[in-house]
Amino acid sequence: MKLIRHFLGGLFFLLLSTAHALEWTDYIGSSSSSRTSTLSFEEVSELRVRDIKRILTRKHGYGADELGRVLDKKELIQTLSFEEHKLRQRELEEQNRDMFWKSLWAAVAVGGITLCW
């Protein structure tokens with residue numbers, strides 16, 4: 001019985017150590033693996049008014065009447081920065097939610113394996 005336990009434990013360790021689909025780095029968020037690229041405040045500040053309006057219209061769904069009310073470049077920069085911040089926050093919340101469910105399922109699997117061991 002003890003020999004079978006050691007054999008199964010070694011086999012389980014071998015499977016986990018060689019499976020590249022279960023690498024820890026896949027589950028940790030990094031800036032290179034983000035789904036959408038968002039602009040930082042500095043990048044938005046360097047854009048021309050025409051480019052800021054184009055991005056707000058195409059990417060964030062602003063209408064011409066909404067953009068017509070904004071007269072100052074500083075207001076446009078703040079608006080675009082806020083919209084990009086909302087995108088980053090939404091992406092981060094989704095990533096945290098995914099990591100929570102993955103860790104929950106991993107904990108349940110480990111508990112089940114431990115219970116049946």
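**Reading salt bridges and helix packing**

Visitor: How many salt bridges does the count come to?
Guide: Side chains of opposite charge can pair when their charged atoms come close. The rule here asks for a side-chain nitrogen of Lys or Arg within 4 Å of a carboxyl oxygen of Asp or Glu. By that rule, the count comes to 5 salt bridges. Before we go on: this is a predicted model, where local features need pLDDT of at least 70 and side-chain atom pairs count only at pLDDT 80 or more, while totals for chains, interfaces and linings use all residues. Residues are numbered from 1 along each chain as its sequence is written, and side-chain values use heavy atoms, with hydrogens and water left out.

Visitor: Okay, which residue meets D51 in a salt bridge?
Guide: That's R54, with an N to O distance of 3.5 Å. The two are 3 residues apart in helix α3, so about one helical turn separates them. (Helices are DSSP runs of H or I, at least four residues, and strands are runs of E, at least two, numbered from the N terminus.)

Visitor: Are D51 and R54 buried or exposed?
Guide: Read the relative accessible area, with a 1.4 Å probe and protein chains only: under 20% is buried, over 50% is exposed, and in between is partly exposed. D51 is buried because its relative accessibility is 14%, and R54, at 37%, counts as partly exposed.

Visitor: Which residue does R69 pair with?
Guide: D65, with the closest N and O atoms 4.0 Å apart. Both sit in helix α4, 4 residues apart, about one turn of the helix. R69 is exposed at 60% relative accessibility, and D65 is exposed too, at 52%.

Visitor: And which residue forms a salt bridge with K86?
Guide: Look at E83, where the closest N and O atoms are 3.5 Å apart. K86 and E83 are 3 residues apart in helix α5, so they too are separated by about one helical turn. K86 is partly exposed, given its 32% relative accessibility, whereas E83 counts as buried at 10%. Elsewhere, salt bridges that share partners join R48, D51 and R54 into one network.

Visitor: What does E83 touch?
Guide: Contact means heavy atoms within 4.5 Å. Leaving out residues up to four places away in sequence, E83 touches L56, H60 and Y62.

Visitor: Which residues of α5 are buried, and what do they pack against?
Guide: The buried ones are L76, I77, L80, S81, E83, E84 and E91. They pack against α2 (41–46), α3 and α4 (64–69).

Visitor: How do α3 and α5 cross?
Guide: Fit a line to the C-alpha atoms of each helix over the stretch in contact, and take the angle from 0 to 180 degrees between N-to-C directions. The axes of α3 (residues 49–58) and α5 (residues 73–116) come within 10 Å and cross at roughly 35°. The crossing is left-handed: the near helix is turned anticlockwise from the far one by less than a right angle (clockwise would be right-handed).

Visitor: Which residues make that contact?
Guide: From α3 come V49, I52, K53, I55 and L56, and from α5 come K73, L76, I77, T79, L80, E83 and E84. They divide into 7 nonpolar, 1 polar and 4 charged. Here Ala, Val, Leu, Ile, Met, Phe, Trp, Tyr, Cys and Pro count as nonpolar, Asp, Glu, Lys and Arg as charged, and the others, Gly among them, as polar.

Visitor: What span should α5 have?
Guide: The expected span is 1.5 Å times one less than the number of residues. With 44 residues, α5 should span 64 Å, which agrees with end C-alpha atoms 64 Å apart.
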